[in-house]
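User: I want to learn how to read a ligand site. Can you walk me through one, step by step?

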Amino acid sequence: MHQEDIDVIDNDEPQPTDIVVAGEQRPDQLHVMPVQNRPFFPAQVMPVLIKSGDWIETLKAVGETDHKMLALFYSEDFDHQEGRFNPQTLPQTGCVVRVHQVKEGDDGDIQFIAEGIERVHIDSWESTSHPYLANVSYPETEQDSEGKEIKAYAMALINAIKELLPINPLLSEELKDYLNRFGPNEPSPLTDFGAAITTAPGPLLQEVVDQVALLPRMEKTLALLKKELDAARLHSEIAEEVNRKISKHEREFFLREQLRVIQKELGVAKDDKTADLEEFNARMQGKTLPEAAEKKFKEEMQKFSVLESGSPEYAVSRNYLDWITQMPWGIHSTDKLELSQARTILDKHHDGLDDVKDRILEFLALGAFKGEISGSIILLVGPPGVGKTSIGRSIAECLDRPFYRFSVGGMRDEAEIKGHRRTYIGAMPGKLVQALKEAEVMNPVIMLDEIDKMGSSYQGDPASALLETLDPEQNVNFLDHYLDLRLDLSKVLFVCTANTLDSIPAPLLDRMDVIHLSGYLAEEKLAIGKHHLWPRQLKRAGVKRSQLKITDAALKKVVVDYCREAGVRSLDKALAKLVRKSVVKLLQDPQQKLSLGLKAIPELLGPAKFKAEQTLCGTGIVTGLAWTSVGGATLPVEANSIHQQSRGLKLTGQLGDVMKESAEIAFSFISSHLSQYDVEENYFDKRFVHLHVPEGATPKDGPSAGITMSTALLSLALGKAPKKHLAMTGEITLNGYVLAVGGIREKLIAAKRQGIKEVLLPEECSGDYQELPDHVKEGLKVHFVSHFDQVAKLAFD
Ligand SMILES: Nc1ncnc2c1ncn2[C@@H]1O[C@H](COP(=O)(O)OP(=O)(O)OP(=O)(O)O)[C@@H](O)[C@H]1O
């Protein structure tokens, strides 16, 4: 601001010699000027700024006087801009000041230095417009500085001011000015000075100005100073706290930065991006990439190197490079194709399963002959717990390849096989890429579990994606959407597992070498339990073989009375339970040696779940054989005549459509051929027959109970029970021909489990039967039939 001195007014700096001793010069008339914000105190020397040019008149008038004095009055509602005020609203007491150094700025502001002298009262007004002039009087302040109370207050005031000084360093300047003008023992100026340095609001300060009497003034000032002190203390505490917090953060930041710089200087660490780039390059050492992949990798590295590390693109690119560089490009494990060793490995992990092992050895032999295993997919089908997964694992061990297993059961999204496109947030490669990454070679054994339970949804059909993946013609160029690169999967050996073939899409099934694993016989389970499951359970529990034993008879009891399912999983669980319960006993006396005998089994496992053979038998009751995805089962069929009022057939037992039709065919055939079997021709004409297949709650379907239902109806008509310990399976036609059915092996195993001695099978199944291992055939008398006449003969003669 350009400032221009106004020559009419004395421009001297206020000098100590200018001090006006009260009473020395007391004009009766003074010009009056209001001040905003806070009142002026007699002990102050302060610049005063006025925004309106109108007041220059007043200041000029003051300049023309000898004394150069002006009365400043505090006015709450005075507006400098407007320049006017209501003289009636001024407080009672103001302050006489001497005016120095009046300066007028370009923008109309006026500034002068006011040196406070003493209190003043307005008695009457001479002029209530510019320049304002009033008749004034000067209230007397008693000067009893020796009074005890006053001295005490003065001390208290000095102490409070002293305390304020270090908290607000600006005050030290003001104190210096004050001490230049007054001695430390002048209580009135001291009191005014004390009030002036507080930040109390204007009205409170005016109360101090109005208070002419010294003692109450000191009291008021002391209260204001104490308040100021409290506020100042709180303020400094807060400031300190904030500083402490900030400085802690700053300290950490600086230390970290220093550490980073030092590490960089020492070559201990690089910045993240450089480290990543080096890591990615290092990972690619020794890998042979196809040309397209190499190009893509280089492009992506180039892009990554210029990306800002905070950008979202950076994270996407880094993730992509992370995946690409972890792929085992060009790395293959060398197959071990020694058949004798393979046999040893298979035998080590699996009891029985000779036919399965033979098939696998044939498969490996073919590989050995060709020099490599490629182009075939093995499908292991069988009920749960028969060792499909562990056979798969053993194949990998035989070949000395890494093994990776994942379940495709319930998979509904094609992207799980082929990956998501990179544009999606959180995109990931498909399972096969993940498998290769994990296996670290391009030719692992990958097991796809539960291939029969794959779903499909609007997100695509994973079965079709799998078709492409497994097809040796196509998987040389398998494309994962995330990597967007062609991978050669033709060297991977895929082993799939399923419980049933029915739900596997035909084109997929077509590409696979199917190996059946049917359920185990009791003797096989016994051997598996003894040689594999029991030792494994002991090992898991950390129990020595010598500490806990199980007799063969006890193990057999567990197999026969507690675990009759096709696989050995529940046997494994039962053995685990035996070990668990025995460990509790061993803990009580670690030295003792336990041997679990026949008696211990019900004690530890509870009552037997299966009772001794109780095949239903009698007139109208025939045992059939069924196949389910969890193994074979015996299936009794009951026929009964309810009344003789009308002809009719009622079917119960949760039968499916095919089975219902099969029952009707059986009924039609038997009723139309009764005379052939020495029963009166119209036996069924006036009989209402009920055919039931227990267990009623289990849904059943399929045509394979055709001859069983026919035999049950014939037995009813003949009034004669069929041979005991006989079971049968076969579809029947309307003319009594017996057609082939599936699952012969499982059905025979189930028959043996139930103590069946004789079985009737369709003639067409004799081929399947011949292929069965001897131990399955052993102990069963099998008859092959092609027409129901033979069935009737064998069942009732
Ligand atoms: N023949 C066998 N000899 C030794 N152990 C066996 C044999 N068959 C199965 N087991 C054991 O039984 C357990 C269950 O086998 P596994 O998990 O391979 O069954 P799975 O057929 O794959 O069943 P799921 O269809 O339910 O996956 C495994 O611990 C396995 O080692």
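**Reading the ligand site**

Analyst: Begin with the secondary structure around the ligand. In this predicted model, two helices, α12 (388–399) and α17 (522–541), each supply at least two residues of the shell.

User: Which domains does the shell around the ligand draw on?

Analyst: Set the shell against the domain bounds. Domain 4 (339–516) and domain 5 (522–605) each give at least three residues to the shell.

User: How many residues surround the ligand, and which are the closest?

Analyst: Count the residues with a heavy atom within 4 Å of the ligand. Here there are 18. The closest are Gly 385, Lys 388, Thr 389, Arg 536 and Arg 569.

User: How do the residues of the shell divide into nonpolar, polar and charged?

Analyst: Sort them by class. Six are nonpolar, eight are polar and four are charged.

User: Where do N or O atoms of the protein lie by the ligand's oxygen and nitrogen atoms?

Analyst: Look for N or O pairs within 3.5 Å. The side chain of Arg 536 places an N or O atom 2.7 Å from a ligand oxygen. A ligand nitrogen is 2.9 Å from an N or O atom in the side chain of Tyr 520. Gly 387 uses its backbone: an N or O atom there lies 3.2 Å from a ligand oxygen.

User: How much of the ligand does the protein bury?

Analyst: Compare the ligand alone with the ligand in place. Alone, the ligand exposes 630 Å². The protein buries 88% of that.

User: Which pocket does the ligand take?

Analyst: The ligand's space is the second largest pocket.

Terms used: Residues numbered from 1 in each chain as written. Predicted model: local features only at pLDDT ≥ 70, side-chain atom pairs only at ≥ 80, totals over all residues. Heavy atoms only, no water. Polar contact = N/O pair within 3.5 Å; in protein donor to acceptor, adjacent residues only side chain to side chain. Areas by Shrake-Rupley, 256 points an atom, 1.4 Å probe, with all protein chains shown as cover. 1 Å grid on protein atoms, 1.4 Å probe; cavity = no way out; pocket = protein on both sides within 12 Å on 5 of 7 lines; lining within 4 Å. Sits in = over half its atoms within 2 Å of the grid points. Helix = DSSP H or I, 4+ residues; strand = E, 2+ residues; numbered from the N terminus. Nonpolar A, V, L, I, M, F, W, Y, C, P; charged D, E, K, R; others polar. Domains from an automatic or database assignment.
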